[in-house]
Amino acid sequence: MGIYSKPVVFAVLSAAVILIGTVVTVFVPLLMPSTQPVSAWVKPYTAVELEGRDIYMREGCQNCHTQTVRPLRTEVLRYGEYSKPEEFAFDRPFLWGSRRTGPDLNRVGGKYPDAWHYLHMQNPQGMFGKSNMPPYGWLAEKKLDVTHSFRKTSVLGYGYSEQEVLQQIDACRTKVTAPAYDSRKARNSVTPEALRNDLTEMDAMIAYLQKLGKDVKSPEAKN
Amino acid sequence: MKETGYEYQIVRGFAFSALFWLIVGLLVGLWISVEMFTPALNLTPWLSFGRLRVVHTNGLGLGFGLAGIFATSYYMLQRLTRTPLPFPGLARAHLYLFNAAIALAALSLFAGFSTTKEYAELEWPLDIGVVILWVMFAVNVFAILIKRQEKQMYISLWYIIAMTVTVAVLYIVNNLEIPVTWNKSYSIYAGANDANVQWWYGHNIVGFIFTVPVLAMFYYFLPKASGLPIYSHRLSIVSFWALIFAYLWTGAHHLMLTPLPEWIQTVAIAFSIFLIAPSWGSVVNGYYTLQGNWDQMRSNYLVKFFILGVTFYGLQTIQGPTQGLRTLNAFFHYTDWVVGHVHMGTMGWVAMVISASFYYMIPRITGTQLYSIRLANLHFWLILVGQLLWTITMWIGGIQQGAMWKATSPDGSLMYDFLDSVTSLYPYYRLRFAAGVVYFAGILVFAWNLIMTVRQKPAEAEA
């Protein structure tokens, strides 16, 4: 009886059947620029922010933190302006997450000073006694590996020259190691002495967190 | 009992691999469930929740799920085609490579090599390994189907074919990435597109690993275990095609109210609702198969597993589309409700059907009797009670958290800090851990029962 005795025909037919929904809802949107629009307001990550993002991925932060504020009243009250598609043009992969064991982070940039993040990541329970976030103090004990930074930004098509990448790394190092750095005390309290003049993984992570939502917040502030 | 030429060593190897990864995956699960209320358990970077959670999901999804599927598929394929496995050497290599790959996968995730895309976290060298393993499996699937002695392909074979084809498409498309180093790559898709591709994958990999092949087992082993033919062949045809057609449209219900274009979300809602029909087609087919023979729920220990299993599948496929509705999703999404939903499917439907399939299959391929039906019944009740307690706890916790996120004071300000919503869940997390222990005890009984079964002398000796 027909296809039920023809395995190859059956397989081809199954493939066709599963591809219909796939083409319409996945492949066609890939070809539509409106699915992932770009905006002049939203800038790519700097090399250090990108390294921070890679550490965020390595540690699986997205398992507990989302990065999409939904257009719901209480959500906007809690986190800020809801997320727009333009903001994610440089996100490969996306890190929207699926579970909020911790709060959403899409608007965390600029919400707290760097010092807050150093102290909080070192010991979340020191700041919030009943928090269940794992401690990440050891990130400050690891020197940031920038060997592949340029290669990473090139693969992602951010358009930086090798020189620019080095400048970005240098600028961040200068900022966090300067005597005038506003979060110096907190940084020194978590960073071992030998690494205080270098960039650590925690520095990069904080640079990344401070970038989140910043491009959207700044034009709003100007209005 | 033993037919000449059938290759059962591979079946047995995959079945015990499944058991091994099941126990490992559940132990990791228990560990992270305690981390949820005792953060001190995040002892080292590789024991921190962010890394361990993916070891849990991959260990059980790939390690237990896939090994269970391979074990039962190699068995069903040979029985239903009345043909010995065409390439037993390839299947043996498949078994060894599979276990090596799962072990490497677990180590790589402990080390933090992760693409972060859910259920596709493995980095690119392991992705290549997974594709090779899948091809090794597919060669035997199609070779045996082409050489088969039995003209008609039974329902279970349709589901195995659909899985073989679809998983290949899903896995390759979602894992297209550009390597930076040997352990780091970036997705070729950006932002909303990456999210859309990922959840098309994420939803359907669950569908074509935790639904389609488990239905293949259900359609084969329920009639075998009960001695009753499937109620309706026509219903199984309609259910099959409608299921595999509709599944692929629904991934975006995981992205409700995100920046993904609204039309994709709405199409996903519509198809999710439609999907209730073919899902229940199989549920009803299972129930009606027992028509007039419901006493088997009492007298036949295997039937209990299948019928309760398919009942959880039925509940799952109503709950899923319901929580995908925009209004309800706004409340439930990102809470533990969804965690409860997933675990009813895995701990209820998948584990129960695989358990009973193994109980049916292992004695037959080793020429023995099951070591203890009493222990099988104990296993059944422990995993049933453990699972129900687990999922109901998470649903209530999810409702609580969703309500606290939404609550506002009369002046319109938020009533609770985020942290309040976390700490209010700790009692539920403790109860969830206890439920997990009950469930795990049931699985240990299962493993013990199967180990003792294969350690017995073959049944011929007694007869």
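Are α1(B) and α3(B) roughly parallel to each other, or roughly perpendicular? They are roughly parallel to each other, as the first view shows.

The model is predicted, so local features need pLDDT of at least 70, side-chain atom pairs count only at pLDDT 80 or more, and totals for chains, interfaces and linings use all residues. Residues are numbered from 1 along each chain as its sequence is written, while chains are lettered from A and ligands numbered from 1 in the order in which they are written.

**View 1. Packing of helices α1 and α3 of chain B.** Two packed helices are described by the angle between their axes and the distance between the axes. For α1(B) and α3(B) the angle is about 10° and the axes are 10 Å apart. Axes are lines fitted to C-alpha atoms, for helices over the stretch in contact, and angles run from 0 to 180 degrees between N-to-C directions. Angles under 35 degrees count as roughly parallel, over 145 as roughly antiparallel, 65 to 115 as roughly perpendicular and the rest as oblique, so α1(B) and α3(B) are roughly parallel. On the α1(B) side the contact is made by I10(B), G13(B), F14(B), S17(B) and W21(B). On the α3(B) side P88(B), A91(B), R92(B), L95(B), F98(B), N99(B) and I102(B) take part. Two residues are in contact if their C-beta atoms, placed from the backbone, lie within 7 Å.

**View 2. Helix α3 of chain B and what covers it.** The helix runs over residues 88-110, which makes 23 residues. Helices (H or I, at least four residues) and strands (E, at least two) are DSSP runs, numbered from the N terminus. From its first C-alpha to its last, α3(B) reaches 33 Å, close to the 33 Å expected at 1.5 Å a residue; the expected span is 1.5 Å times one less than the number of residues. Its buried residues are A91(B), H94(B), L95(B), F98(B), I102(B), A105(B), A106(B), S108(B) and L109(B). A residue is buried if 20 or more other C-beta atoms lie within 10 Å of its own, exposed if 12 or fewer, and partly exposed in between, with C-beta atoms placed from the backbone. The cover over these residues includes α1 (9-35), α2 (49-81) and α4 (124-146) of chain B. After α3(B) comes G112(B), whose phi is positive, near 90°.

**View 3. Two residues of helix α4 of chain B.** L126(B) lies in α4 of chain B and is buried, because 21 other C-beta atoms are within 10 Å. Leaving aside neighbours within four places in sequence, L126(B) is in contact with A101(B), L104(B), A105(B) and S108(B). The C-alpha atoms of L126(B) and N183(B) are separated by 9.4 Å, although the two are 57 residues apart along the chain. F137(B) is also in helix α4 of chain B, and it counts as buried because it has 24 C-beta neighbours inside 10 Å. With the neighbours within four places again left aside, F137(B) is in contact with F70(B) and H94(B).

**View 4. Positive phi in two loops of chain B.** Which residues other than glycine have a positive phi here? R82(B) has phi near 50°, and T116(B) has phi near 70°. R82(B) is in the loop between α2 and α3 of chain B, and T116(B) is in the loop between α3 and α4 of chain B. R82(B) counts as exposed because it has 11 C-beta neighbours inside 10 Å. T116(B) has 22 C-beta neighbours inside 10 Å and therefore counts as buried.

**View 5. S149 and a cis peptide bond in chain A.** S149(A) is in helix α6 (residues 149-155) of chain A. This residue is buried, because 23 other C-beta atoms lie within 10 Å. Apart from neighbours within four places in sequence, S149(A) is in contact with A47(A), E51(A), V165(A) and I169(A). From S149(A) to R92(A) is 15 Å, C-alpha to C-alpha, and 57 residues in sequence. R92(A) is joined to P93(A) by a cis peptide bond, with omega about 0°. P93(A) is in the loop between α3 (73-79) and α4 (114-122) of chain A.
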